[in-house]
Amino acid sequence: MFKHILLPTDGSKISEDAIEKGVQLAKSINAKVTGISVLPEYHVFTYRTEMLEDTKEQYLEDSKRIAEQYLAVVERAANVAGVACDTTYVVNDHPYEAIVMTAEEKRCDLIAMASHGRKGIQRLFIGSETQRVLVQSNIPVLIFR
Amino acid sequence: MFKTILVPTDGSVLSDKAILAAVDFAKATGGKLIGLSVAEPYPYMALSEGAFIPDLSLYEQKTKQFAHEHVQKVADAAAKQNVPYETHIASSFSPYEAIIDAAKEHHCDAIFMASHGRKGFSKLFVGSETQKVLAHSTIPVLVFR
């Protein structure tokens, strides 16, 4: 049975719902969870306006704070449910890569995530990062609608 | 958490993996399984006068027989662990549709299935039927790689 579930979050409402369900799942099978948030790298040339206004250091500090906010949601849900939890954030332009690598590093045996993320449904049947995680993962992936 | 798990199978090794995990899970959480295999009918085409017409009824008989064999594996695995189960066969050109319909009909709250079936190339892809199930499902889907 699954013992260690990785819960990616991008801070969106749909992610939060998935986290809640992921934590409930963990509780029902006595598994522990790891929350992960992945933030994009700093780029000088970018359409991301918030990045343009910052120096690299400032951007990384702000990113860290944002990640911690997203991860606090995971921690809170886990604490309320009595599920063991740790969290991590990674800076990587490709969330799927960081998610799959972290699952491996931490020896997770399941990734549980939302079907879509921050960009919303956008006429995609399944979100782009979720799709990539699914294809790249070596462990099972549970997709919450 | 998942009380009624739909386990579609096409008899492939990866499907077997999904079956075992579903049985384990249901055992741990007091759930039940619905095993399903979809037989594809013979693709009728406009046949010209002298064309070779295979024995269509034999074809359909065989595919149904295989479907029965596939779901029998679910039955056997579940029975071994004293997990309540049902098995069903469907006949459809669109396995994903039959899967989605079965999930509704049997009030399933999750689907455990393989990422690809017999036609599966490799870990580089997600099989076409799994992809469509993911696109259309309204309940969580746990995909085994």
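This is a dialogue about how to read several features of a predicted model with chains A and B.

Colleague: Before anything else, what kind of model is this?

Modeller: The model is predicted, and every value we discuss is computed from its atoms.

Colleague: Let me begin with empty space, then: how much space lies in the largest pocket?

Modeller: The general idea is that rolling a probe the size of a water molecule over the atoms shows where empty space is left. Here, the largest pocket holds about 1000 Å³ of space. Its lining is made of 37 residues, and those closest to the centre are Asp10(A), Val38(A), Pro40(A), Pro95(A) and Arg118(A). Several elements of chain A give two or more residues to this lining, including strand E1 (4–9), helix H1 (13–28), strand E2 (32–39) and helix H4 (95–105).

Colleague: Which element gives the most to the lining of the largest pocket, and what does the lining have by class?

Modeller: H3(A) gives the most, with 5 residues. Sorted by class, the lining has 15 nonpolar residues, 12 polar ones and 10 charged ones.

Colleague: My next feature is aromatic rings: how many aromatic pairs does a search of the whole structure find?

Modeller: A pair of aromatic rings is described by the distance of the centres and the angle of the planes. Over all chains, the search finds 6 aromatic pairs. One of them joins Tyr42(A) and Tyr59(A), whose centres are 5.6 Å apart and whose planes are at 50°, and this pair is classed as tilted. The two residues are 17 positions apart and come from distant parts of the chain, with Tyr42(A) in the loop between E2 and helix H2 (49–52) of chain A, and Tyr59(A) in helix H3 of chain A. Tyr59(A) counts as buried because its relative accessibility is 7%, under the cut-off of 20%. In chain B, one aromatic cluster is formed by Phe2(B), Phe25(B), Phe112(B) and Phe144(B).

Colleague: Turning to chain B as a whole, in what order do its elements run from the N terminus on?

Modeller: The order is β-α-β-α-β-α-β-α-β, which is made up of 4 helices and 5 strands. Of the 145 residues in chain B, 48% are buried. Among the contacts in chain B with a separation of 6 or more, 74% are between residues 24 or more positions apart.

Colleague: How far apart are the end C-alpha atoms of helix H2 of chain B, and what should the helix span?

Modeller: At 1.5 Å a residue, the 25 residues of this helix (residues 56–80) should span 36 Å, and the end C-alpha atoms are 36 Å apart, so the two values agree. The buried residues of H2(B) include Thr63(B), His70(B) and Val74(B), and the buried residues pack against helix H1 (13–29), strand E2 (32–39) and strand E3 (85–91) of chain B.

Colleague: What is the sign of phi in Asn82(B)?

Modeller: As background, most residues other than glycine have a negative phi, and most peptide bonds are trans. Asn82(B) has a positive phi, near 60°, and is a residue other than glycine. Asn82(B) follows H2(B) and sits in the loop between H2 and E3 of chain B, where it counts as exposed because its relative accessibility is 66%. His107(B), which is not a glycine, also has a positive phi, of about 55°. His107(B) lies in the loop between helix H3 (95–105) and strand E4 (110–114) of chain B, and at a relative accessible area of 65% it is exposed. In chain A, Arg107(A) comes just after H4(A) and takes a positive phi of about 55°.

Colleague: Lastly, is Met1(A) buried, exposed or partly exposed, and which residues does it touch?

Modeller: Met1(A), in the segment before E1 of chain A, is partly exposed because its relative accessible area is 33%, and partly exposed covers the range between 20% and 50%. Leaving out residues up to four places away in sequence, Met1(A) touches Ile29(A) and Asp109(A) as well as Ala21(B), Asp24(B), Phe25(B) and Ala28(B). Ala77(A), found in helix H3 of chain A, counts as buried at 11% relative accessibility. Setting aside neighbours within four places in sequence, Ala77(A) is in contact with Ile19(A), Glu20(A) and Val23(A).

How values were computed:
Residues numbered from 1 in each chain as written. Chains lettered and ligands numbered in written order. Predicted model: local features only at pLDDT ≥ 70, side-chain atom pairs only at ≥ 80, totals over all residues. Heavy atoms only, no water. 1 Å grid on protein atoms, 1.4 Å probe; cavity = no way out; pocket = protein on both sides within 12 Å on 5 of 7 lines; lining within 4 Å. Points joined across faces, edges and corners; volume = space filled by probe spheres on them. Nonpolar A, V, L, I, M, F, W, Y, C, P; charged D, E, K, R; others polar. Phe/Tyr/Trp six-rings, centres within 6.5 Å; stacked < 30°, edge-to-face > 60°. Buried < 20%, exposed > 50% of the residue type's maximum accessible area, 1.4 Å probe, protein only. Expected span 1.5 Å × (residues − 1). Contact = heavy atoms within 4.5 Å.
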